[in-house]
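Trainee: Please take one part of this model and go through it closely, starting from a single residue and working outwards to what surrounds it. I would like the terms spelled out as you use them.

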Amino acid sequence: MKKLLLSALLLTCMQAQAQTAEQTLKVKLDANPALKASFTQTVTDINGKQIQSGSGTLALSQPNRFYWHLTQPDESLIVADGKDVWIYNPFAEEVSVLGLRDAIAASPITLLVHRDKSTWAKFTIRAKGKCFDILPKAADTGIQQVEVCFDGNTLTRLSLDDTQGNNSVFELSNQQSLTNEDNTLFSFTPPEGVSVDDQRPHNGQ
């Protein structure tokens, strides 16, 4: 009986800690519901060898709007406009477009701008000092873990571990609140002549 009571108490404590970590993360994200920042990117492989570095601009706006523009060394662009997610490769002249729900299922990073309770329930949140680990509960995503770090309530660092063992780290700087003019970042129209791979469900959800 004592062992059962101890196990139940331990489980309750673990659940409370997980809930607290999720709530704390949401508070920090809600403190900056719309921001823009510069970033530097470093990618290392499973052996810790650097395989890519770059820089660009990141913008987030709740709910469901996301802008990620890598400008160096090769340009690429990801735009979530609140309904769809556009992935543009200028070099290949290709655009892929996904429904928002599919993008959320694929990457925990979308939690930064998403507030749907059923979506958050698909991830485990763990507090770790100034950082939070976001882990998908399903095993069929391309991302194993996302780490987000803060200085106070200021988002300073993102780290992504994929299923191939690669780690991508984004160090943020020059954080600013979005202006009305910045709202144009969250809209995308495929350039004329590029190939468009539309992967959205027929109903557009």
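**Val-148 and its surroundings**

Mentor: Leaving out residues up to four places away in sequence, Val-148 touches Leu-25, Leu-112, Lys-130, Cys-131, Phe-132, Ile-134, Leu-155, Arg-157 and Leu-158, where a contact means heavy atoms within 4.5 Å. The model is a predicted one, in which local features need pLDDT of at least 70 and side-chain atom pairs count only at pLDDT 80 or more, whereas totals for chains, interfaces and linings use all residues. Residues are numbered from 1 along each chain as its sequence is written, and side-chain values use heavy atoms, with hydrogens and water left out.

Val-148 is among the residues with the most contacts inside the largest nonpolar core, together with Leu-25, Leu-58, Ile-125, Ile-134 and Leu-158, and this core has 32 residues. A nonpolar core is here a set of buried Ala, Val, Leu, Ile, Met, Phe, Trp, Tyr and Cys residues joined through side-chain atoms within 4.5 Å, and buried means under 20% relative accessible area, with exposed over 50% and partly exposed in between, for a 1.4 Å probe and protein chains only. Four residues of this core, its largest share, come from strand S9 (residues 143-151). A second core of 13 residues is separate, and Tyr-67, Val-95, Leu-185 and Phe-186 are included in it. In soluble globular proteins, nonpolar side chains tend to be buried together. Over the protein chain, buried residues make up 40% of the 205 residues.

To place these cores in the fold, consider the sheet. The protein chain has three helices and 12 strands, which are DSSP runs numbered from the N terminus, helices being H or I of at least four residues and strands E of at least two. An open sheet of 12 strands runs in the order S7-S8-S9-S10-S11-S1-S2-S3-S4-S5-S6-S12, and its pairing is mixed; two strands pair if DSSP finds at least two bridges between them. Strand S7 (123-128) and strand S12 (195-198) are the edge strands, each pairing on one side only. From one strand to the next the twist averages 20 degrees, with axes taken as lines fitted to C-alpha atoms and angles running from 0 to 180 degrees between N-to-C directions.

At the S7 edge, S7 and strand S8 (residues 131-136) pair in the antiparallel sense over six bridges, and Phe-123 stands opposite Pro-136 in S8. These two strands form a hairpin with two residues between them, and Gly-129 in the turn has a positive phi of about 65 degrees.

Further along the strand order, Thr-156 lies in strand S10 (residues 154-162) and counts as partly exposed because its relative accessibility is 23%. Beyond its neighbours up to four places away in sequence, Thr-156 touches Cys-149, Phe-150, Asp-151, Phe-170, Glu-171, Leu-172 and Gln-175. The C-alpha atoms of Thr-156 and Gln-175 are separated by 8.5 Å, the two residues being 19 apart along the chain.

In strand S11 (residues 167-177) we find Ser-168, which counts as buried because its relative accessibility is 17%. Setting aside neighbours within four places in sequence, Ser-168 is in contact with Gln-41, Thr-42, Val-43, Leu-158, Ser-159 and Leu-160; Leu-158 is thus listed both here and among the contacts of Val-148. Asn-174 also has its place in strand S11, and its phi is near 55 degrees, a positive value in a residue other than glycine.

Next come strand S1 (residues 34-44) and strand S2 (residues 50-61), which pair in the antiparallel sense over 11 bridges; the bridge partner of Gln-41 in S2 is Gly-54.

Finally, there is the matter of empty space. One cavity of 30 Å³ or more is found in a search of the whole structure, a cavity being a set of points on a 1 Å grid over the protein atoms alone where a 1.4 Å probe fits but cannot get out, and lining residues having an atom within 4 Å of a point. The largest cavity has a volume of about 70 Å³, with grid points joined across faces, edges and corners and the volume taken as the space filled by probe spheres set on the points. Of the 13 residues that line the largest cavity, Leu-29, Asn-32, Leu-35, Leu-60 and Leu-112 are the closest to its centre, and Leu-112 is one of the residues that Val-148 touches. Helix H1 (2-30) and S2 are the elements that give two or more residues to that lining.

How values were computed: 1 Å grid on protein atoms, 1.4 Å probe; cavity = no way out; pocket = protein on both sides within 12 Å on 5 of 7 lines; lining within 4 Å.
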